Amino acid sequence: MSSDFEAYEQEFGTLTAEITNKIGRIPKLGGEEKTQLVLNVDKQLEEVRELMEQMDLEVREIPIQSRGMYQSRLKSYKGEMEKLEKDFKRSRIAYSDEVRNELLGEDAGSSESQLIKLREERAHLLDNTEKLERSSRRLEAGYQIAVETEQVGQEILANLHSDREKIQRSRDRLRETDANLGKSSRILTGMLRRIIQNRVLVFVLGATILLTIILAIYFNVRGH
């Protein structure tokens, strides 16, 4: 598991380095070129978010005695991710001096306030967009948790049903064993009764024979 986490770390480092480089270039561009670069960075940031989710899952699978170190590293990466998102937001509304002069032209002084107002409007729009994106991600995460919870619930119900069948079979076997023990007990009782009867019969028969011998001897002696 830790090797998978380290592989994700390497991918995270590569992606964030590319994103940092592109964020630095955004204020220097304008028009379609800037729009395309912004879209590209936004896509890469989404890849980083998915990567962070994978890393979080990997940390949960790591044995608890080693988990603390990886949790600290993951927390550090989340902080780096938040900083990247803030830098990206600022870069989208920022202009380099060269681009600003090109946009304002010769009437730079009178248009500075318009540019500031435009920048504020764009920042407000970006804030609203990011809030919608975060809400969408939370809804997706909530839906995913609900689906996973439903699956876990179904598995638990299936396990309970299986356990119930096993318990029922065990009860049936216990009843069958109890019935067999009762039958065996009756058979043993009958055998014991017959043994006692046979012993009594042997005793009576032996006593009768002994008595007959004694009487025969007695009468034989008396006759002489």
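This passage walks through the fold, the nonpolar core and the largest pocket of a predicted model.

Local features are described where pLDDT is at least 70, side-chain atom pairs count only at pLDDT 80 or more, and totals for chains, interfaces and linings use all residues. Residues are numbered from 1 along each chain as its sequence is written, and side-chain values use heavy atoms, with hydrogens and water left out.

The secondary structure comes to five helices and zero strands, where helices (H or I, at least four residues) and strands (E, at least two) are DSSP runs numbered from the N terminus. Along the sequence this reads as α-α-α-α-α. Of the 224 residues of the chain, 21% count as buried, a label given under 20% relative accessible area, with exposed meaning over 50% and partly exposed lying in between (1.4 Å probe, protein chains only). Among contacts (heavy atoms within 4.5 Å) with a separation of 6 or more, 72% join residues 24 or more positions apart.

A good place to start is helix 3, which has 30 residues and spans 44 Å from its first C-alpha to its last, close to the 44 Å expected at 1.5 Å a residue; the expected span is 1.5 Å times one less than the number of residues. Its buried residues are Y70, L74, Y77, M81, L84, D87, F88, S91, R92 and I93. An α-helix has 3.6 residues a turn, so residues three or four places apart point the same way. I93 has a relative accessible area of 12%, and its C-alpha lies 9.2 Å from that of I26, 67 residues away in sequence.

F88 leads on to the largest nonpolar core, being one of the residues with the most contacts inside it, along with I19, V41, L45, V48, M52 and M55. Such a core is a set of buried Ala, Val, Leu, Ile, Met, Phe, Trp, Tyr and Cys residues joined through side-chain atoms within 4.5 Å, and this one has 23 residues. Helix 1 (2-25), helix 2 and helix 3 each supply at least two of them, with helix 2 giving the most, nine residues. Not counting residues up to four places away in sequence, F88 touches I23, I26, V38, V41, D42 and L45. Y8, in helix 1, is in contact with L51, Q54, M55 and E58, again leaving aside neighbours within four places. The C-alpha atoms of Y8 and M52 are separated by 8.3 Å, although the two are 44 residues apart along the chain.

The largest pocket is lined by 29 residues, of which R49, E50, E53, R137 and A141 lie nearest its centre. On a 1 Å grid over the protein atoms alone, a pocket is an open set of points where a 1.4 Å probe fits, with protein on both sides within 12 Å along at least five of seven lines, and lining residues have an atom within 4 Å of a point. Helix 2 gives the most to the lining, with 11 residues.
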